[in-house]
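I opened this entry to keep track of what I looked up, one topic at a time.

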Amino acid sequence: MRWLIAFLGVAILAGVAAFVMTTPAGNGSPTAGSSSLAASPSPSATPSVPVPEVAEFTDPCGTFDTTMRWPYAITGYWLIPTADHCTWRRQFGAIHEVGGDTVIRIGWGLQARNLDDGGRVLDGEGNVDARYEPCEEDGVPCALAAENDLKAANPGNRVSWTFVYRTDEAFGPGLFRCPEFERKIVTEKTVFYRIVAPDDGTDDPSCSNIRTKGRGYHVILVAAAHEDSLTELLDLGDRFGVKVYPALPLAPRDPAQKTRAAKQGTDTLATLTRRIMQDYGARFQDRTSLGGFYQPFELQMREMEYLGDSDDDHPTLRVYASQHEIVEQEMPGRPVLVSPYLDARKQRPFSATPKQVAKGFEALARTGVGIIAPQDSRGTGKVGLFWADQREDEIDERLRPAVEEKTNGDAYHGSTRDYYREMSLARTRMVEQGFNVQLWANVEAFEPSGDEPCAAGSKRGRTDKERLDTAVAQVGRYVSKIVSYMWSDFYTCGSPSLAEEIARDYNRPIAADAIRMQRDIQDGMEIRGYNIPMGSKVTITWEGQEEPRVVDVAGVNLTEPPPDLPVRMGTAWIPFDWTQVPEDTWVKVSVAAADGRAATETLHVRVRV
């Protein structure tokens with residue numbers, strides 16, 4: 001009997017151990033912020049997207065799967081950095097569940113700083129900055145220690161300026177050019193990196209000139225982390241099949257015009273960018289989940305000049321070009337993504353028309369960026385969602401905090417669709433000139449204000465899936481991908497959260513475009529959009545029509561899709577005799593699913609017959 005009791009005891013212990021190993025740590029119930037919002041990856045996913053690993057995986061944050069349950073039209077999201085590593089995991093899981101395959105990181109800026117008499121870094125108010133105060137070498141503040149070392153090597157050396165940069169990443173030895181004068185300083189909470197570089201931006205490949213040639217230097221103090229967040233994000237990207245776009249260092253702002261990058265400090269920014277890219281190249285060159293890099297310096301999309309060799313080149317575009325050239329040199333094949341904003345408000349002196357914005361797109365493309373993802377600017381109220389035949393309609397009530405005018409035409413130079421149409425034409429022109437640039441859309445997932453703000457200290461309110469569907473319909477014809485600012489906190493606040501709304505209604509039809517198209521000898525209409533399978537119905541109306549026409553979808557994806565369509569966008573064809581529509585008449589096209597759910601946005605098309 002003893003052997004039987006012992007055997008049973010071992011079996012029970014093994015069962016308990018298995019239970020502990022496969023049970024998530026903490027509260028396993030989904031919340032708005034950690035929603036278990038993750039069926040198999042969409043078969044239409046592009047080959048460039050890494051395939052998620054589907055085996056069960058356990059870590060300190062719990063066990064999770066990598067299935068995609070509710071694939072929506074938006075496939076990329078911005079994330080705010082967080083100190084909670086389990087939050088990263090939950091966010092990736094929730095993003096992937098609703099069809100996300102791209103995560104874009106918010107970044108930090110390089111800043112010039114003054115020092116006090118003791119060599120300690122001061123903040124913008126003139127006080128000792130607590131973040132950099134722990135950085136000491138043998139009791140000497142790091143900035144002063146760097147200057148002492150430089151002068152000891154050559155009395156003619158001097159430090160002309162000190163810069164600081166913060167991050168939650170950790171770097172390898174690839175960050176340093178000259179370990180004798182550059183070093184890593186480890187403290188209890190922070191790891192500091194001390195970088196020295198000539199203030200003329202030359203950034204010598206060796207240490208020899210430090211001793212032989214007295215000159216001015218810039219000291220860069222990087223306040224970083226013990227554990228590397230980017231490695232963790234790339235690991236999560238591999239796990240979920242998500243491309244990660246970490247941010248480049250943000251340029252210092254011009255004190256006189258903060259919307260522009262400062263000319264002073266550009267060389268130092270180039271040095272820091274080059275060092276970071278070289279370190280990334282040593283550590284991440286072969287990582288599939290590293291999609292590219294995000295240029296976080298935001299500017300308005302308007303008519304700008306950039307030729308690459310002109311005194312009239314836009315100063316921020318010069319900074320863009322400098323950083324993007326370094327990325328291409330050190331990490332070839334990884335595109336740089338920029339996301340400028342639009343402002344179509346007629347009463348604002350710096351607003352821009354669609355054609356002026358198209359000129360800005362061309363200038364941006366000349367800087368070497370690979371992806372331009374303009375903000376649709378509906379969330380801030382700077383652009384409206386309306387069709388050409390709705391210019392005399394009253395604006396959306398939620399736009400009142402941003403515009404005072406009553407009608408769409410009085411308030412805006414054009415609609416979201418007008419701006420993306422012109423940018424798509426500009427993109428075609430630039431591709432023909434040899435610039436390999438993509439046009440994405442960044443759909444803002446918030447309202448100008450609201451009773452329920454999602455972020456502390458912000459007046460911006462939460463929006464709903466109905467408005468998101470409308471934005472997707474407005475941009476969908478002209479872009480190759482739709483991303484959104486941002487997951488945290490705009491998709492996770494409120495009850496139900498926006499992420500939960502998507503999960504409940506992810507496969508509602510979204511019609512983005514309709515064109516006249518014959519099949520054999522039969523006249524008809526091809527509708528481009530999302531979730532329009534066989535069984536869907538299309539209602540067609542126009543002014544003067546006796547009664548609406550309701551037509552069943554007769555075929556889906558019957559033609560070869562044009563290049564650069566967004567993931568999951570397809571086509572549906574219906575028979576329709578266009579000769580019955582009067583010349584120059586606007587036709588409204590409404591799509592409904594077999595279960596009766598109608599698309600939020602009705603298409604407005606005009607076909608000259």
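My notes on cores, helices, sheets and two buried residues follow.

**Model.** I am working from a predicted model. I kept that in mind throughout.

**Nonpolar cores.** I began with the interior. The largest nonpolar core has 124 residues. Within this core, Phe 92 and Tyr 491 have the most contacts. I then asked which helix gives the core its largest share. Helix α6, residues 266-284, supplies that share with seven residues. As background, nonpolar side chains tend to be buried together in soluble globular proteins.

I followed Tyr 491 outward, leaving aside neighbours within four places in sequence. Earlier in the chain, its contacts include Ile 74, Tyr 77, Ala 445 and Leu 468. Ser 484, Met 486, Ser 497, Leu 498, Ala 499 and Ile 502 are in contact with Tyr 491 too. Apart from the largest core lies another one, of 22 residues. Ala 514, Trp 578, Val 589 and Val 605 are among its members.

**Helix α12.** Leu 498, Ala 499 and Ile 502 touch Tyr 491, and I found these three again among the buried residues of α12. How much of α12 is buried? Seven of its eight residues are, so the helix is largely enclosed by the rest of the structure. Besides those three, the buried residues are Glu 500, Glu 501, Ala 503 and Asp 505. I looked for what they pack against and found β20 (461-462) and α11 (465-475).

Glu 501 caught my eye as a charged residue in this helix. Is Glu 501 buried or exposed? Its relative accessible area is 19%, and the cut-off for buried is under 20%, so Glu 501 counts as buried. Beyond four places in sequence, Glu 501 is in contact with Arg 462, Asp 464, Lys 465 and Pro 496.

**Sheet with β22.** Next I took the open sheet of four strands ordered β22-β23-β27-β26. The pairing is antiparallel. I noted β22 (510-516) and β26 (555-556) as edge strands, each pairing on one side only. β22 and β23 (residues 524-530) are joined over six bridges. Ala 514 has Ile 527 in β23 as its bridge partner. Ala 514 is also one of the residues of the 22-residue core. I checked what crosses these strands. Helix α11 lies across β22 and β23, at about 30 degrees to β22.

**Sheet with β24.** A second listing gave an open sheet of four strands in the order β25-β24-β28-β29, again antiparallel. Which strands stand at the edges? They are β25 (549-552) and β29 (603-605). Each has a single partner strand, so one side of each is left without a neighbour in the sheet. From one strand to the next, the twist averages 25 degrees.

I went through the pairs one by one. β24, residues 537-542, is joined to β25 by four bridges. Ile 540 has Arg 549 in β25 as its bridge partner. Six bridges join β24 to β28, residues 587-592. Lys 537 stands opposite Asp 552 in β25, and Lys 537 also stands opposite Ala 592 in β28. β28 and β29 pair over three bridges. There Val 589 is partnered with Leu 603 in β29. Val 589 turned up earlier in the 22-residue core.

The hairpin of β24 and β25 has six residues between its strands. In this hairpin, Gly 544 takes a positive phi near 90 degrees.

**Helices α8 and α10.** I looked up how helix α8 (residues 354-366) meets helix α10 (residues 416-432). Their axes come within 8 Å and cross at roughly 40 degrees. The crossing is right-handed. On α8, the contact is made by Pro 354, Lys 355, Val 357, Ala 358, Phe 361, Glu 362, Ala 365 and Arg 366. On α10, the contact residues include Tyr 419, Met 423, Ala 426 and Met 430. By class, the contact has nine nonpolar and seven charged residues, and no polar ones.

**Ser 415.** My last stop was the loop between α9 (408-411) and α10, where Ser 415 sits. At 2% relative accessibility, Ser 415 counts as buried. What is Ser 415 in contact with beyond four places in sequence? I found Val 383, Gly 384, Phe 386 and Gln 474. Gln 474 is 59 residues from Ser 415 along the chain, with 8.7 Å between their C-alpha atoms.

Note on methods
Residues numbered from 1 in each chain as written. Predicted model: local features only at pLDDT ≥ 70, side-chain atom pairs only at ≥ 80, totals over all residues. Heavy atoms only, no water. Axes fitted to C-alpha atoms, helices over the stretch in contact; angles between N-to-C directions. Helix = DSSP H or I, 4+ residues; strand = E, 2+ residues; numbered from the N terminus. Left-handed = near helix turned anticlockwise from the far one by under 90°. Contact = heavy atoms within 4.5 Å. Core = buried A, V, L, I, M, F, W, Y, C linked by side-chain atoms within 4.5 Å. Buried < 20%, exposed > 50% of the residue type's maximum accessible area, 1.4 Å probe, protein only. Pairing = 2+ DSSP bridges.
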